[in-house]
Amino acid sequence: MKLFLSLAATGVAMIVTAQQKPVYQSASFSVFPDKVIQGNYEAKALSSTELTSTYTSSFLLPVKNKVAFKLAIQGGDNERGFGLNHVYYIDPAKAEQTTPVFVFGKGEPEPEGEEVTLTQDVKVTFRVDMSPVFNQIREKGFYETHNKQKITADEAGHLFLAGSVLPLTWDFGILNQRKELEFSDADGDGITELTVLFKKAVPQDGTQQDGNWKLTAGLSGYPKVSHGMVLQDALYAKALEELTQDIREDGALMAGKQWPGVWTRDISYSIILAVAAVNPDASRTSLMAKVKNGKIIQDTGTGGSWPCSSDRMVWSLAAWEIYLATGDKDWLRTAFLIIESSAADDEKVVFEPSGLILGETSFIDWREQSYPRWMDPKDIYHSVSLGTNVVQFETWKILGRMAKELGKKDVYSKKAEKIAKAVNQSLWLEKDGYYGMFRYGRMYPSVVPKSEALGEALAVLTGLAGKGRAEKVMASVPVYEFGVPTFYPQIPEMNPYHNNSVWPFVQAYFTLAGKKVGNTAVVEHGLASITRASALFLTNKENFVASTGDYMGTEINSDRQLWSVAASLAMTYKVLFGLDYSADGLRFAPFVPKSWSSERKLENLTYQGARVSVSVSGFGEGIKSVRINGKKVSKAFIPASATGTWQVEIELNGKWPEGRINLVPHLVHPGTPVVSEEKGTLSWKPVKKAVSYSVFINGKKSKSQNGTSWTAGKLKEVTEVQIAAVSADGTPSLLSEPVVLYPGTKPAMITEIQIPGMEKEIQGYSGNGYVLLTKSENTVVPFSVTVPENGIYRVDFRYSNGSGPINTDNKCAIRTLYVSGKTAGPVVLPQRGDQNWTEWGWSSGLTLTLKKGNNPMKLVFEPWNENMNQEINTALLDQIRLVRMK
């Protein structure tokens, strides 16, 4: 049931007249035709091109002790590549401290430390050795940075500090104006220093652009819209202006004000929502900027990007949307080859035989924000996430549609059907009425009982869910007053970003999914959520805190974020005017709440070879009548072959049935137990707010108990045990790291990899050395394993990969395992720390059927094992481990 509360309950004194009746009202905010009111704050449209807002964030930001930072000559981002940062942990017990000496341009292993909140103000003196810069200047006359910028001696004398913790900033555009963040070498010892005061908490002033926005950009090339509501007109103009500001000099779309780069998922989700319809040229340019050697680029990500992160195929959905909007067959042919080639690699590396797709949740790429902390990149590679699977499902459907358009045979759609069947069998939570966010674990995975808003919405929009489940999903997914949270429930002791957050672009997809199933309550709520944030903040912020509605308090945020801009535009184009593109033409299916009833007009819309104007009158969830070019017709439809001018007049049916929305209070689940094992007994410390614990054996719940230890009985087979903490209301935590128990005294079998030319330079290996794997060295590594009996075995490899940090970059190493001459599957060896080659761990695993005795194997670098870096694909190989499962 939708929650309504009088304004008196909010503490706001005001009189609502007939002319001032809100179009949406909740306990905390109200949306009117000309304004938004939340508490004492008001955003108001003075005209269709001017907005004011009194909103100010008073959020007090606790300061963490982990400082990620870069050294910036002249204040520029010129030390190392994206995500390659130095790290220093402030000792919260010391009011003054000095860092080790950091060398400009040189990485170092991340120090060990615990991330905690500062309890006092702390002064930290950063020390930097600039000798590599000045030595090169003396030798060559200049210093050349990683991005080929040439630095003179005078420029090198101005070094600034950029970083993650206030008062530091990542805004390189203004850093050289922050003189308090400039280093100096007062004693001339060659070590430049800077002392920074880190306060334990920092108040934030959130007023945007002095509280006023007025249109300055020319928008003549874009569709003109009149909503009959001045606030919506102004927000539409604001969104279009921000879209123009997000187009770079090269014609591609940047991610947002703070993010000038082109990102595959950002541009793709934005193009699908709105940008393809109004700027197909920028859309095409952006997508082609994310293609290398004929394949789609997965952005930098967990463990070195693809295949740990594997949602790059959302590119294909955007490419198809461009074709639908333009009818450009040349583009279709180009896109088809790129998608087909990329999908072929995915099929070999991230597909399970069941049809499920492996890899990180689409867009939710900050692993600590959504996964239990014990999951490292190889565990994330092994996970099966809802959003990424739906993207792959739609990709293979699109390949089939593209093939049909190009006169080719459709050999792709059956793959989509297999994915859909596997997702519906594996991730559906019947009790909850929606899909689980991801499946996780090691030998015996299980599904996390969380909703994930983008994945749920995509399952509905693509048809993967089917009609019955789609309606149930939209009525069941938990929603907060300020918007649909990225996922639910939330993780404890984790700052908002993906956790406890609303992302307007996710809200837009969720709203469109509500429209598809005719859920009026979901659509009303979604329109209000996006309107409130855009109006009060006077920009389209990337995200805001789900539990408070404030844009301050999330880990990272940005003005005019592209996909938030697209979300705002999509509410106009795809909800209120109901634009629906397909291969055969453009349909109109407006969906207008009763309180939003008005006369709406959209003019100057280019659709393939036609110029279109649309008027929509009244309200409703369907069409009563439609005229095209003055003639009454049965369908609001323009064929793809249309040319010339088209006038579409739509009268809605005046029906607005009550919808169902699952509005819930903020909920945080208990923390994940940290479990230790000794002689078959598992133990863990009590978890805050937990009243009981559930024991999971081989991925399934076995029992509940109150105590904090559990002892295994006599085991007949290898057994994997996990623990969940459960709160008083029955909400479970994420599962603990799996503990493997062996029957009797039979441990895992570990075999050394032995080939000629073993190396010993890097410490931490076992046995006689390790095998260096590169694209040119040891591209085929033969070995064999001997097992005592026939059976099913879990196989993985001990390795190291210091090519990059654990959370970003693009140098994940990949190989293909062959057993007795047959392909067994991919072996993924993710990055484990920048230049940290002594950090050894275990690779992804494969479940194999092996015969008693000798089993010849080999690891091979195959063409489909090319990573996103395409130059460095390196790891050190040490051992193979086998665990008999059955």
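These legends go with a handful of close-up views of a predicted model.

**View 1. Helix 6, mostly tucked away.**
Helix 6 covers residues 314–326, which gives it 13 residues. From its first C-alpha to its last, helix 6 reaches 19 Å, close to the 18 Å expected at 1.5 Å a residue. How many residues of helix 6 are buried? The count is 12 of the 13, so the helix is largely enclosed by the rest of the structure. The buried set runs through V314, W315, S316, L317, A318, A319, W320, E321, I322, Y323, L324 and A325. Right after the helix comes G327, with a positive phi near 70°.

**View 2. Helix 6 against helix 7.**
Here helix 6 is shown with helix 7, residues 329–349. The two pack at an angle of about 165°, and their axes are 9 Å apart. That angle is over 145 degrees, so the pair counts as roughly antiparallel. As for handedness, helix 6 passes helix 7 in a left-handed crossing. On the helix 6 side, the residues that meet helix 7 are W315, S316, A319, W320, I322 and Y323. Their counterparts in helix 7 are K329, W331, L332, A335, I338 and I339. W315, S316, A319, W320, I322 and Y323 also appear among the buried residues of helix 6.

**View 3. Two cis peptide bonds before proline.**
One of them runs from W306 to P307, with omega near 10°. P307 sits in the loop that links strand 19 (295–296) to helix 6. The other joins Y488 and P489, and its omega is about -5°. Where is P489? Look in the loop between strand 27 (487–488) and strand 28 (501–502).

**View 4. W864 and the residues it touches.**
W864 belongs to the loop between strand 54 (853–860) and strand 55 (875–884). Leaving aside residues up to four places away in sequence, W864 touches W306, D345, K348, V349, T816 and Y818. W306 is a familiar name here: it is the residue on the other side of the cis bond to P307. L464 gives a sense of scale, as it is 400 residues from W864 in sequence and 28 Å away in space, C-alpha to C-alpha.

**View 5. Two loop residues with positive phi.**
Neither Q608 nor K689 is a glycine, yet each has a positive phi. For Q608 the value is about 50°, and for K689 it is near 70°. Q608 lies in the loop between strand 32 (598–607) and strand 33 (609–618). K689 is found in the loop between strand 40 (681–684) and strand 41 (690–697). Is K689 buried or exposed? It is exposed, because its relative accessible area is 67% and the cut-off is over 50%. Q608, at 22% relative accessibility, counts as partly exposed.

**View 6. An open sheet of 4 strands.**
The strands line up in the order 42-41-44-45, with antiparallel pairing. Strand 42 (700–705) and strand 45 (739–741) stand at the edges, each with a single partner strand, so one side of each has no neighbour in the sheet. From one strand to the next, the twist averages 30°. Zoom in on strand 44 (residues 719–727) and strand 45: they pair in the antiparallel sense over 3 bridges. Which residue of strand 45 does E720 stand opposite? That residue is V740.

Methods: Residues numbered from 1 in each chain as written. Predicted model: local features only at pLDDT ≥ 70, side-chain atom pairs only at ≥ 80, totals over all residues. Heavy atoms only, no water. Pairing = 2+ DSSP bridges. Axes fitted to C-alpha atoms, helices over the stretch in contact; angles between N-to-C directions. Buried < 20%, exposed > 50% of the residue type's maximum accessible area, 1.4 Å probe, protein only. Expected span 1.5 Å × (residues − 1). Parallel < 35°, antiparallel > 145°, perpendicular 65-115°, else oblique. Left-handed = near helix turned anticlockwise from the far one by under 90°. Contact = heavy atoms within 4.5 Å.
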